[in-house]
Amino acid sequence: MLPFILKRIFQSFLVLIITGAIAFSMFTFVGDPVDNMLGQERTMEDVERLRAQLGLDQPIPVQYVKFLGEAVQGNFGVSYRQGREVSEIIMERAPATLELAALSAIFAIVVGIALGVFTAIRRDGLVANFIMSASLIGVSLPTFLIGILLIYLFSVELGWLPSFGRGEVVQVGGWTTGFLTESGLKALILPSITLGLYQMTLIMRLVRSEMLEVLRQDYIRFARARGLSERVINFRHALKNTMVPVITVIGLQLGAIIAFAIITETVFQWPGLGLLFINAIQFVDIPVMAAYLMMISVMFVVINLLVDILYAFIDPRLRVAAK
Amino acid sequence: MTEPVLSIRDLTVEIPTRHGLFKPVQNVTYDIRPGEIRGVVGESGAGKSMTGNAVIGLLDDPARIASGEIWLNGRRIDNLNVEEQRAIRGREIGMIFQDPLTSLNPLFTIGEQLVETIQLHLNVSSKEARERALALLDRVSIPDPKTRFDQYPHQFSGGMRQRVVIALALCSEPSVIVADEPTTALDVSIQAQVLDLIKELARETQVGVILVTHDMGVIADTTEQVTVMYNGQVVENGSTDQVLSAPKHEYTKSLISAVPRPQVKLHRFPQVSYGGRETMFKIEDLARNWTKSEPSKSGKLLEVEGITKKFLEKSAVLPSWRTYFTAVDEVSFDIKDGEVFGLVGESGSGKSTVARMIGTLLDVDSGRIRFDGEEVTTMAPAEIAGYRRQIQMIFQDPFSSLNPRMKVESIVAEPLLHHKILPPDQISGRVQELLDRVGLTRAAASKYPHEFSGGQRQRISIARALATQPRFLICDEPTSALDVSIQAQILNILKDLQEHLGLTMLFISHDLPVVRQMCDRVGVMKQGQLVEVQDTETLFSNPQQDYTKKLLELMPRLAQLSG
């Protein structure tokens, strides 16, 4: 087990070094930041001074090593546009995105698995068939359209929920949370559903097809022959076997929720990282873009590492193979 | 005579289909007494398993009991509701399935599955359940039950898993066990052990056993009473001795005569002729535009010299820390032109690995393979393609060796296209010819594999193998997934091909009677080594090695039959 984990961790580092190189290459290849920062009326001295100040006059490998060293400490330099520490800006915005992503993920996993199991057990039922048809909407409609439809229905027509922003937030240590106020919670509902709907339907359809596959297996038949009740068969024997492949997909999708929160945040004017990133792209604010890229790749790598470990934890056959 | 513990009276099972009611089981009647083993024999589709499923209340939708009664210990059980049936399942009727590799849940330990079942049926604490589970594991002769208790199914061999399955079926001392082909997936030696265990349990615990099988040898060895089923109906019921030595029904007679005999060598495999299903197969057609295989230069088409294959068992960073499992250890043999060379041995003995190395599906670690004097192991990729064209393989499982998404025509045409044997406009004609030759109709070409039975699929595999006009055919257990009657047809096709086309063959099987009929010479493999190579007749009449003797003794025999 331990060699397996060490191998995975080693591979994770390789991935991070490569994404680090990509993030770094943006500084060199995507436009000239100095041009962007100084505007039309500049002198050559200004340019040289800023270059030296930003460390852009040094050879590229030296810049890369320096960049990695700084990045490991969470230091991504100064935003070209706001002139503030990138890490500071990110820390300010991260809670909004993380809270949104966490709620969407919980929604997607809990509802997705429950509906998946339900539609698999009641395969021919009317309700199950209706859910299956309805889920096609979740898979096929683009996120921004779902967001706009929800806003139209619940904010414009019914007026129940806010259409944009986080509502009132409370400061807990360095973390701003919307979980503690009523308006904060209300503001979370629509964006979380919008963000998690695709993942929810995906997980549901995957759980259903895996579960149907598992229910056809001989050991389920044998479990019936042993006289076990349907409840024990479905939720103990079948569900655990179903989860093995589902976990991989859930892991990948969790990363996707955080990374692709951009669209949802734009639709709902959610003051999170996605919105920050969109603005950064518009202004070619490369330090922010690089930091965002690094942060997302760290999250992906960590989640997948956890999934691999969880995998071996659930499936004893992998434990032996991994030894 | 003691009262029967289970009685089936006039049982009929029906399945509604688009074309009206289909009755896979019709008016079946038989009894099981305590401690008795009743064999139920017949071809697949005869309704044997369906009857067993009806008894245990596990008929798959939309099948249902149409009429008849099932009595268990004086209580009628066919008309119970779902919950009442579930209460009987496992508690009063145990079940053993065919494939021990798939009947245990891979994510739970053996102990968890045993304790779960015991606690469900008997009102005991988890400590008592654990003790009982350990006693059961001991009862079915699993060594070191305490350690095994916490292990997962994948850590057990096939035979050991089947023992665990039997232990699970015995959890609450049922009065009847339905064993559906319990040893079909096992080796001869393991099969003998498992059957002995079932016999012993029946004798000691007085449990009645329904043993569903298609293997006449198992029936002869194990059962006291036998029920012969054909097309959903019981054609004969009686004591095993009587049915096997003096069968009354024509179907039973032809079924018994179709069982390959280890004692004598016959020219052709007798087929089950009952019901007029013997497909006429004209071998002359086959020889029509096919020149005989040209003889090799040395008279030896294939020479295998000290081939070895090791598989990585435990990986490690340093090469010296890695451990290997030697699947094939220094195996050498020759196959002459037009000869059928048999390889026998238990599973895991390396037979298939040898076949795969010859077929270049696996690389050889060391040693040499020469085909018609040319070294295969050092061939350039271009030469290998030419070599592969001359050798073709037929695999064991006709269900997984054909691509389910391809039509039969494309399956058979693929080797022709790949090796560019014919211009595209002639391919469809050649495919038709090939299908004709293996006894399939023209309409077969436009169907998909799942529309065919196991035997028909194996014919498709043969047609595909013949497409390149190979000189050498590797058959890896070509009939072990098939019924006796279908097996005879397929083996006859192979035999005819071999004789008329002068094909050379490597024939792998664990079924010794079949090997005796098919092969000119036989090699016996044990744990990766070739322990004995003999002419077939010598091997069967006068085996030299102890291991060969042991294998021959383990064959279930139809002793009552004078072949």
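The exercises below, each with a worked solution, concern helices and single residues in a predicted model.

**Exercise 1.** Determine how α16(B) and α17(B) are oriented to each other, and which residues join them.

Solution.
Step 1. Two packed helices are described by the angle between their axes and the distance between the axes.
Step 2. Helix α16 of chain B covers residues 454–466 and helix α17 of chain B covers residues 484–501; their axes lie 9 Å apart, at an angle of about 15°.
Step 3. Angles under 35 degrees count as roughly parallel, and α16(B) and α17(B) are therefore roughly parallel to each other.
Step 4. The crossing in which α16(B) passes α17(B) is right-handed.
Step 5. On the side of α16(B), the contact uses G455(B), Q458(B), R459(B), I462(B) and L466(B). On the side of α17(B), they meet I486(B), Q489(B), I490(B), I493(B), L494(B) and L497(B).
Step 6. Sorted by class, this contact of α16(B) with α17(B) has 7 nonpolar, 3 polar and 1 charged residues.

**Exercise 2.** Check the length of α16(B) against the value expected for its residues, then find how many of them are buried.

Solution.
Step 1. α16(B) has 13 residues, so at 1.5 Å a residue it should span 18 Å. The expected span is 1.5 Å times one less than the number of residues.
Step 2. The end C-alpha atoms of α16(B) are 19 Å apart, which agrees.
Step 3. A residue is buried when its relative accessible area is under 20%. In α16(B), 12 of the 13 residues are buried, so the helix is largely enclosed by the rest of the structure.
Step 4. Among the buried residues are G454(B), R457(B), I460(B), S461(B) and A465(B).
Step 5. The cover over the buried residues of α16(B) includes β16, α14, α15, β17 and α17 of chain B.

**Exercise 3.** Decide whether α7(A) is roughly parallel or roughly antiparallel to α8(A), and classify the residues in their contact.

Solution.
Step 1. The axes of α7(A) and helix α8 (residues 182–215) of chain A cross at roughly 150° and come within 9 Å.
Step 2. That angle makes α7(A) roughly antiparallel to α8(A), because angles over 145 degrees are counted that way.
Step 3. α7(A) passes α8(A) in a right-handed crossing.
Step 4. From α7(A), the contact takes T143(A), I146(A), G147(A), L150(A), I151(A), F154(A) and S155(A); from α8(A), it takes L190(A), I193(A), T194(A) and L197(A).
Step 5. By class, the contact of α7(A) with α8(A) has 7 nonpolar, 4 polar and no charged residues.

**Exercise 4.** State where P142(A) is placed, and whether it counts as buried, partly exposed or exposed.

Solution.
Step 1. P142(A) sits in the loop between α6 (126–140) and α7 (143–157) of chain A.
Step 2. Its relative accessibility is 36%, so P142(A) counts as partly exposed.
Step 3. P142(A) is 121 residues from I263(A) in sequence, while their C-alpha atoms are 9.8 Å apart in space.

**Exercise 5.** Do the same for G39(B), and list what it touches.

Solution.
Step 1. G39(B) belongs to strand β3 (residues 37–41) of chain B.
Step 2. With 0% relative accessibility, G39(B) counts as buried.
Step 3. Not counting residues up to four places away in sequence, G39(B) touches L211(B), I219(B), T223(B), Q225(B), V226(B) and T227(B).
Step 4. The C-alpha atoms of G39(B) and H214(B) are separated by 9.5 Å, although these residues are 175 apart along the chain.

Terms used:
Residues are numbered from 1 along each chain as its sequence is written. Chains are lettered from A and ligands numbered from 1 in the order in which they are written. This is a predicted model: local features need pLDDT of at least 70, side-chain atom pairs count only at pLDDT 80 or more; totals for chains, interfaces and linings use all residues. Side-chain values use heavy atoms; hydrogens and water are left out. Axes are lines fitted to C-alpha atoms, for helices over the stretch in contact, and angles run from 0 to 180 degrees between N-to-C directions. Helices (H or I, at least four residues) and strands (E, at least two) are DSSP runs, numbered from the N terminus. Angles under 35 degrees count as roughly parallel, over 145 as roughly antiparallel, 65 to 115 as roughly perpendicular and the rest as oblique. A crossing is left-handed if the near helix is turned anticlockwise from the far one by less than a right angle, and right-handed if clockwise. Contact means heavy atoms within 4.5 Å. Ala, Val, Leu, Ile, Met, Phe, Trp, Tyr, Cys and Pro count as nonpolar, Asp, Glu, Lys and Arg as charged, and the others, Gly among them, as polar. Buried means under 20% relative accessible area, exposed over 50%, partly exposed in between (1.4 Å probe, protein chains only).
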